[in-house]
Amino acid sequence: MLKLIEKKRAELIDIVLKNGINSTISIQYSQELDILLTQYIKDDHAQKNRIYYS
């Protein structure tokens with residue numbers, strides 16, 4: 001998951017440099033990165049709860 005996040009982050013940086021931060025494509029990539037980060041945080045939190053309550 002972390003490699004996927006880093007890949008999407010690098011892609012976002014490239015897109016922003018080419019198209020500007022407010023371009024539609026930049027916003028789309030940013031939203032996709034947000035989804036990945038949110039999922040990573042949820043998964044990490046769930047894993048920590050399983051360890052804590054086990």
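Me: Quick one on burial. What percentage of the 54 residues of the protein chain count as buried?
Reply: 17% of them count as buried. Keep in mind that this is a predicted model.

Me: OK. How many helices and strands are there in the protein chain?
Reply: Two helices and zero strands. The radius of gyration of the chain is 15 Å, well over the 10 Å that the globule rule gives for 54 residues, so the chain is more spread out than a compact globule.

Me: And what box do the C-alpha atoms fill, along the principal axes?
Reply: Roughly 50 × 15 × 10 Å.

Me: Surface next. What does the accessible surface of the chain come to, and what share belongs to carbon and sulfur atoms?
Reply: The total is about 4,500 Å². Carbon and sulfur atoms hold 59% of that.

Me: Charges? How far apart are the mean positions of the positive and negative ones?
Reply: They are 3 Å apart. The chain has 8 positive and 7 negative charges.

Me: Let's go to residues. Where is S26, and is S26 buried or exposed?
Reply: S26 sits in helix α2. S26 counts as buried, because its relative accessibility is 1% and the cut-off for buried is under 20%.

Me: What is S26 in contact with, leaving aside neighbours within four places in sequence?
Reply: The partners are L12, I15, V16, N19, G20 and I21.

Me: I15 is on that list. Which helix holds I15?
Reply: Helix α1, which covers residues 2–19. I15 is buried too, at 16% relative accessibility.

Me: And which residues does I15 contact, with the same neighbours left out?
Reply: G20, I25, S26 and Y29. So the I15 and S26 pair shows up from both sides, and G20 is in contact with S26 as well.

Me: What about the stretch between the helices? Where does S23 lie?
Reply: S23 is in the loop between α1 and α2, and α2 covers 24–53. At 15% relative accessibility, S23 counts as buried.

Me: What lies 3.1 Å from a polar atom of the S23 side chain?
Reply: The backbone oxygen of G20.

Me: Switching to spacing. How far is S23 from T38, C-alpha to C-alpha?
Reply: 22 Å, with their positions 15 residues apart along the chain.

Me: And I15 to T38?
Reply: Those C-alpha atoms are 21 Å apart in space. In sequence, I15 and T38 are 23 residues apart.

Me: Now the acidic ones. Where is D14, and why does D14 count as partly exposed?
Reply: D14 lies in helix α1. Its relative accessible area is 42%, and partly exposed means between 20% and 50%, so D14 falls in that class.

Me: How far is D14 from D44?
Reply: 28 Å in space, C-alpha to C-alpha, and 30 residues in sequence.

Me: Last residue: D34. Which helix, and how accessible?
Reply: D34 is in helix α2. D34 is partly exposed, with a relative accessible area of 42%.

Me: How far apart are D34 and I13?
Reply: Their C-alpha atoms are 14 Å apart, and the two residues are 21 apart in sequence.

Conventions
Residues are numbered from 1 along each chain as its sequence is written. This is a predicted model: local features need pLDDT of at least 70, side-chain atom pairs count only at pLDDT 80 or more; totals for chains, interfaces and linings use all residues. Side-chain values use heavy atoms; hydrogens and water are left out. Helices (H or I, at least four residues) and strands (E, at least two) are DSSP runs, numbered from the N terminus. Buried means under 20% relative accessible area, exposed over 50%, partly exposed in between (1.4 Å probe, protein chains only). Contact means heavy atoms within 4.5 Å. A polar contact is a pair of N or O atoms within 3.5 Å; within protein, one must be able to donate a hydrogen and the other to accept it, and residues adjacent in sequence count only if both atoms are side-chain atoms. The radius of gyration is taken over C-alpha atoms; the globule rule is 2.2 Å times the number of residues to the power 0.38. Accessible areas come from the Shrake-Rupley method with a 1.4 Å probe; for residues, only the protein chains shown count as cover. Lys and Arg count as positive and Asp and Glu as negative; His and the chain ends are not counted. The place of a charge is taken as NZ of Lys, CZ of Arg, CG of Asp or CD of Glu.
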